[in-house]
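Work through the exercises below with the sequence and the model open side by side, and try each task before reading its solution.

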Amino acid sequence: MSQGDRATGLTFGSLFSGCGGLDLGLEQAGLTCSFQVEINRDARAILTHHWPDVRRHDDARTFPPGPVDAWSCDVL
């Protein structure tokens, strides 16, 4: 099993996600995406296509939208 195939059990939160390039790399390293924050509507559409089950918020200035504990992750 290669290093990229090993699950780490760690989760990450993605701020300023863009189209998800860093998110893809982190997933290939074994981390799991917990949430994404991206203001650009077109970029969010791409994120939704590739990560349909990941929670998303549209603006880092108003993040988190609710209790901080509900948006917890290991790596931000």
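**Exercise 1. Determine what share of the residues in the protein chain is buried, and describe the overall build of the chain.**

Solution. In this predicted model, buried residues account for 28% of the 76 residues in the protein chain, where buried means a relative accessible area under 20%. The secondary structure consists of 2 helices and 3 strands, and these elements follow one another from the N terminus in the order β-α-β-α-β. The radius of gyration is 12 Å, close to the 11 Å that the globule rule gives for 76 residues, so the chain is as compact as a globular protein of that length. The C-alpha trace spans about 40 × 30 × 15 Å along its principal axes. Finally, about 5000 Å² of the protein chain is exposed, and carbon and sulfur atoms supply 55% of that area.

**Exercise 2. Identify the residues of the largest nonpolar core, and list the contacts of Leu31 outside its sequence neighbourhood.**

Solution. The largest nonpolar core has 6 residues in all, namely Phe12, Leu31, Cys33, Leu47, Trp51 and Val54. Taking Leu31 from this set, and leaving aside its neighbours within four places in sequence, one finds contacts with Thr8, Leu10, Phe12, Leu26 and Val75. Phe12 therefore appears both as a member of the core and as a contact of Leu31, where contact means heavy atoms within 4.5 Å.

**Exercise 3. Decide whether Phe16 and Ser17 are buried or exposed, and describe the surroundings of each.**

Solution. Begin with Phe16, which is placed in the loop between strand S1 (11–15) and helix H1 (21–28). Its relative accessible area is 65%, and because exposed means over 50%, Phe16 counts as exposed. Together with Leu15 and Leu76, Phe16 forms a nonpolar surface patch with about 350 Å² of accessible area. Ser17 lies in the loop between S1 and H1 as well, but its relative accessible area is 8%, so Ser17 is buried. Apart from neighbours within four places in sequence, Ser17 is in contact with Asp23, Gln36, Val37, Glu38 and Leu47.

**Exercise 4. Examine the backbone: what is the phi of Phe16, and which peptide bond is cis?**

Solution. Recall first that most residues other than glycine have a negative phi, and that most peptide bonds are trans. Phe16 has a positive phi of about 55° although it is not a glycine. The peptide bond from Phe63 to Pro64 is cis, with omega near 0°, and Pro64 is located in the segment after strand S3 (55–57).

Note on methods:
Residues are numbered from 1 along each chain as its sequence is written. This is a predicted model: local features need pLDDT of at least 70, side-chain atom pairs count only at pLDDT 80 or more; totals for chains, interfaces and linings use all residues. Side-chain values use heavy atoms; hydrogens and water are left out. Patches are made of residues with over 30% relative accessible area and no salt bridge: like charges are joined within 9 Å, nonpolar side chains (Val, Leu, Ile, Met, Phe, Trp, Tyr) within 5 Å. Accessible areas come from the Shrake-Rupley method with a 1.4 Å probe; for residues, only the protein chains shown count as cover. A salt bridge is a side-chain nitrogen of Lys or Arg within 4 Å of a carboxyl oxygen of Asp or Glu. Helices (H or I, at least four residues) and strands (E, at least two) are DSSP runs, numbered from the N terminus. Buried means under 20% relative accessible area, exposed over 50%, partly exposed in between (1.4 Å probe, protein chains only). A nonpolar core is a set of buried Ala, Val, Leu, Ile, Met, Phe, Trp, Tyr and Cys residues joined through side-chain atoms within 4.5 Å. The radius of gyration is taken over C-alpha atoms; the globule rule is 2.2 Å times the number of residues to the power 0.38.
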